Structure formats: C-alpha cells, structure tokens
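Ready for a few hands-on exercises? Have a look at the chain below, try each task yourself, then read through the solution.

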Amino acid sequence: VQLQASGGGLVQAGGSLRLSCAASGSFSSVNNMGWYRQAPGRQRELVASMTYGGYTTYGDPVKGRFTISRDNAKKTVSLQMNSLNQEDTAVYYCHLNLMGRYYWGQGTQVTVSS
C-alpha cells in the first residue's frame with residue numbers, strides 16, 4: 001500500500017487550502033483514511049479521519065473549519081481546510097488505518113502566514 005498526498009502550500013490567515021491523498025494497492029474495505037499533522041516541537045495529532053462507511057472524526061482544533069471527504073472507488077481522501085490560522089501550520093500526513101496497522105503518506109507542508 002502506498003499513499004501519495006498533494007495540495008499543501010502557503011496561504012494567508014483566513015484563507016483555504018485543499019489536500020488530497022490517493023492510495024494505491026489492494027486493501028480491505030475495513031479501514032479509516034484521513035489526516036494527521038505535526039508542527040515543529042509538537043506531537044503528531046489527528047486532524048480528521050473517515051471510515052469506509054462515512055463516519056467522521058475530527059480533532060477539536062479543526063472542528064467547524066475542516067471537512068474530510070473520500071471516494072472509495074478511487075481510493076482517495078481529501079481535506080478541505082477553511083478559515084486557516086497560524087496554529088494550523090504543520091506538516092500534514094495522509095494515513096490509512098487497516099485494522100490498527102497504519103500506512104503513511106510522505107507529508108505535505110501547510111504554512112499559514114499572518
């Protein structure tokens with residue numbers, strides 16, 4: 001299984017970005033896909049995750065601002081990020097959780113300027 005993320009970049013506070021991640025390979029439909037992030041000097045934290053059936057989980061800091069979506073047929077997951085602030089600056093990692101086994105994308109940098 002491999003994950004390829006795209007869509008990071010530099011944005012001003014209050015702006016929006018969209019991240020996308022495509023998975024390749026064969027894997028069970030019993031899975032979660034989504035995003036974690038890690039800022040310098042901080043632990044990796046959950047941003048958002050979605051099960052194959054559409055159940056979503058969001059980290060508290062992004063609730064109401066970020067929206068996760070996925071296309072099971074295409075094996076993709078996306079993250080629409082609105083109302084970005086400087087606290088959202090981090091490397092964002094796409095993940096796939098197959099019954100407790102995690103696969104990670106390469107990480108994409110999101111930088112929010114004031």
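**Exercise 1.** Find the ring under the charged end of Arg 44.

*Solution.* Start at the charged end of Arg 44: it sits over the ring of Trp 104, 4.5 Å from the ring's centre. To count as sitting over a ring, CZ of Arg or NZ of Lys must be within 6 Å of the ring centre and within 35 degrees of the ring normal. Now look for another case: Lys 75 lies over the face of Phe 27, 5.0 Å from the ring centre.

Before you go on, note that this is a predicted model, where local features need pLDDT of at least 70 and side-chain atom pairs pLDDT 80 or more, while totals for chains, interfaces and linings use all residues. Numbering runs from 1 along each chain as its sequence is written, and side-chain values use heavy atoms, leaving out hydrogens and water.

**Exercise 2.** Work out how the rings of Tyr 36 and Trp 104 are arranged.

*Solution.* First, the rule: rings of Phe, Tyr and Trp (its six-membered ring) pair if their centres lie within 6.5 Å, with planes under 30 degrees apart called stacked, over 60 edge-to-face and the rest tilted. The whole structure has four such aromatic pairs. For Tyr 36 and Trp 104, the centres are 5.3 Å apart and the planes stand at 75 degrees, so the pair is edge-to-face. Next, place them: Tyr 36 is in strand S4 (residues 32–38) and Trp 104 in strand S10 (residues 101–104), 68 residues apart. (Strands are DSSP runs of E, at least two residues, numbered from the N terminus.) Then try Tyr 102 with Trp 104: at 5.5 Å between centres and 20 degrees between planes, that pair is stacked. Finally, zoom out: ring pairs link Tyr 36, Tyr 93, Tyr 102 and Trp 104 into a cluster.

**Exercise 3.** Is Tyr 36 buried or exposed?

*Solution.* Buried means under 20% relative accessible area, exposed over 50%, and partly exposed in between (1.4 Å probe, protein chains only). Tyr 36 comes in at 17%, so that's buried. Trp 104, at 35%, is partly exposed, and Tyr 102 is partly exposed at 35%.

**Exercise 4.** Which residue in the loop between S9 and S10 has a positive phi?

*Solution.* Most residues other than glycine have a negative phi. Go to the loop between S9 and S10 and you'll meet Met 99, whose phi is near 50 degrees. Met 99 is exposed, at 67% relative accessibility. Then check the loop between S8 and S9: Ser 83 is there, with phi near 50 degrees. Ser 83 is partly exposed, at 44%.

Technical notes. Helix = DSSP H or I, 4+ residues; strand = E, 2+ residues; numbered from the N terminus.
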